[in-house]
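Biologist: I'm new to this one, so please take me through it slowly. Pick one strand as the place for a close look, then work outwards from there.

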Protein chains: 2
Amino acid sequence: MSDTAVTAALIVIGNEILSGRTKDVNVAYLARQLTALGIQLAEVRMVRDEEGAIIAAVNTLRASHNYVFTTGGIGPTHDDITSEAVARAFNLPYRIHPEAKRILEDFYRDTGRELNEARMRMAHTPEGATLIQNPVSRAPGFRVENVHVLAGIPAVMRAMFESVAPTLKGGRTVKSREIAVLLGEGDVAARLEGLQERYPTLEIGSYPFVRDGNFGTTLVLRGTDEDEIARAADELSTILRELGGEPETPPAPPAHIA
Amino acid sequence: MSDTAVTAALIVIGNEILSGRTKDVNVAYLARQLTALGIQLAEVRMVRDEEGAIIAAVNTLRASHNYVFTTGGIGPTHDDITSEAVARAFNLPYRIHPEAKRILEDFYRDTGRELNEARMRMAHTPEGATLIQNPVSRAPGFRVENVHVLAGIPAVMRAMFESVAPTLKGGRTVKSREIAVLLGEGDVAARLEGLQERYPTLEIGSYPFVRDGNFGTTLVLRGTDEDEIARAADELSTILRELGGEPETPPAPPAHIA
């Protein structure tokens, strides 16, 4: 499935994530949004606010994926170094973007605050970048080639992603179907492997859960062909009954149980 | 600060994380635990259940960090390929570990369930691996050199990490102090940069928040020398008052605001 997939990588930038001060919530959001668009999130890297780390991640990932997204590090303070690092990754001059400057001028005039030198950092992009609109707090993100530079604040990141989403070209949308059963993973594993072999284009995942002290397993069938998923789901239900379990669908395991 | 730091990297393994089905909660936990031990979590990679991706991440990161942790992919089903991939990364045979086998035999005998071939997958490790105890569900993790292979289920991962923690040697513990102020990031940025220049061994972070419709900023001072942090915090409080703000400590911005 992944050989022909349209893929994306995400770079989460910020010391606060890696120190544990701030819990990232952007990975889960982007994972779901990209999946819905038929784009497979193939890899995530979380790096510190360090130029070398950002440049290395950007250059490695933009060469291997259709799309790259970054979150974080585009504010007005000294630790916001993402934009300049992306400019260096592309070997582009880091300049004031005239449209970004106008947006900030309008915003700070309207709100009666000062567009000082620090805030003007947010008007800088790699030369020739395309702006990404920010309806929440105005200071824009930007795109250079396949790299989309978004804010780290979740509400702002989401608004920016929504303005980018229509420009992304996904592949076939991946559908999924989940079946839960009160059997241990080890009880279903062998038969599941056989099923996976008969349906090589599907991705069959198995995730344990505990309910009222009983071991259970959620089986996830993912693929682009709904008929095939339905056929595999039927076979799977038969298998689970043969193993003495009662297939439940839709299941409701706690979301934090991997 | 990071030049002499003891560093770690984390590899989160699992399609379910990257598809958005499952929200990772292990990064935040390990980030906090490692920080408390004086170990800097320098990088996180989230990869799919694909051998090549796992091997590449393991080999890149174990060469550049004191410690590597992996989470996920060590269960009994066909998509649990982490242990074998780690064996390949180290060019080690992938074999039954006698002690792991005994642990599983005892567990399944006690619980009256079958130790079948699928469950025996969980007794396999790279040859010579040191087991990591799992008091929750018994099937152990393991360590090869500086790479620690942990479960993905949060409760199990935490129990495994707790049994590993006493073996980890951290550097000087990083302390932090937070000060919040109802000023925009752009209002404090210039003076903050000056402060950072006067305290080059501290890491000074700036994170915006919104409270009752007002823009605010949380400033975080991090470093290993508490006296230095205290001096910088005093200077920062003076700066914030000069800018017309009232420093608040401890602040309470919502945790999800980066």
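Modeller: Start at Thr70(A), whose bridge partner in E8(A) is Val149(A). One thing to keep in mind from here on is that this is a predicted model. The pair belongs to a longer match: E3(A) and strand E8 (residues 147-150) of chain A run parallel and are joined by four bridges. Thr70(A) has a partner in strand E1 too, because Ile11(A) is bridged to Thr70(A) in E3(A). That link is part of a set of five bridges between E3(A) and strand E1 (residues 6-13) of chain A, again in the parallel sense. As background, strands of a sheet pair through backbone hydrogen bonds, in a parallel or an antiparallel way.

Now, is this strand buried or exposed? Strand E3 covers residues 67-71 of chain A, and five of its five residues are buried. To see how that works out, recall that in a regular strand the side chains alternate between the two faces of the sheet. One side of E3(A) carries Tyr67(A), Phe69(A) and Thr71(A), the other carries Val68(A) and Thr70(A), and all of them are buried, so both faces are covered.

Moving along chain A, there is another sheet to look at. It is open and has three strands in the order E9-E11-E10, paired antiparallel. Its edges are strand E9 (175-181) and strand E10 (203-211) of chain A, each of which pairs on one side only. From one strand to the next, the twist averages 20°. E10(A) is joined by nine bridges to strand E11 (residues 214-223) of chain A, the two running antiparallel. For an example, find Ile204(A): its bridge partner in E11(A) is Leu221(A). Helix H9 (residues 226-242) of chain A lies across E9 and E11 of chain A, at about 10° to E9(A).

Chain B has an open sheet of three strands as well, in the order E9-E11-E10 with antiparallel pairing. Strand E9 (175-181) and strand E10 (203-211) of chain B are the edge strands, pairing on one side only. Ignoring direction, neighbouring strands here are turned by 20° against each other on average. Nine bridges hold E10(B) against strand E11 (residues 214-223) of chain B in the antiparallel sense, and Glu203(B) stands opposite Arg222(B) in E11(B). Those two residues turn up again in a network of salt bridges that also links Arg48(A) and Glu50(A).

Two helices cover this sheet in chain B. Helix H8 (residues 185-198) lies across E10 and E11 of chain B and runs at about 165° to E10(B). Helix H9 (residues 226-242) of chain B packs on the sheet too, touching E9 and E11 of chain B, with its direction making about 10° with that of E9(B). The helices are also tied to each other: Glu242(B) forms a salt bridge with Arg191(B), with the closest N and O atoms 2.9 Å apart. Because Glu242(B) lies in helix H9 and Arg191(B) in helix H8 of chain B, the pair connects parts that are 51 residues apart in sequence. Glu242(B) is exposed at 53% relative accessibility, while Arg191(B) is partly exposed at 34%.

What about links between chains? Over all chains, the count comes to 32 salt bridges. One of them joins Arg119(B) and Asp187(A), whose closest N and O atoms are 3.1 Å apart. Arg119(B) sits in helix H6 of chain B and Asp187(A) in helix H8 (residues 185-198) of chain A, so this pair joins two chains. Arg119(B) counts as buried because its relative accessibility is 1%, whereas Asp187(A), at 28%, is partly exposed. The side chain of Arg119(B) also makes a polar contact of 3.3 Å with the side chain of Tyr108(B). Its other contacts come from both chains, including Gly184(A), Gly186(A), Pro76(B) and Leu104(B).

A salt bridge inside a single helix makes a good last stop. Lys101(B) forms one with Glu105(B), with the closest N and O atoms at 3.4 Å. The two are four residues apart in helix H5 (residues 98-111) of chain B, which means about one helical turn separates them. Both ends are partly exposed, Lys101(B) at 32% and Glu105(B) at 29%.

Notes
Residues are numbered from 1 along each chain as its sequence is written. Chains are lettered from A and ligands numbered from 1 in the order in which they are written. This is a predicted model: local features need pLDDT of at least 70, side-chain atom pairs count only at pLDDT 80 or more; totals for chains, interfaces and linings use all residues. Side-chain values use heavy atoms; hydrogens and water are left out. Buried means under 20% relative accessible area, exposed over 50%, partly exposed in between (1.4 Å probe, protein chains only). A polar contact is a pair of N or O atoms within 3.5 Å; within protein, one must be able to donate a hydrogen and the other to accept it, and residues adjacent in sequence count only if both atoms are side-chain atoms. Contact means heavy atoms within 4.5 Å. Axes are lines fitted to C-alpha atoms, for helices over the stretch in contact, and angles run from 0 to 180 degrees between N-to-C directions. A salt bridge is a side-chain nitrogen of Lys or Arg within 4 Å of a carboxyl oxygen of Asp or Glu. Lists of a residue's contacts leave out its neighbours within four places in sequence.
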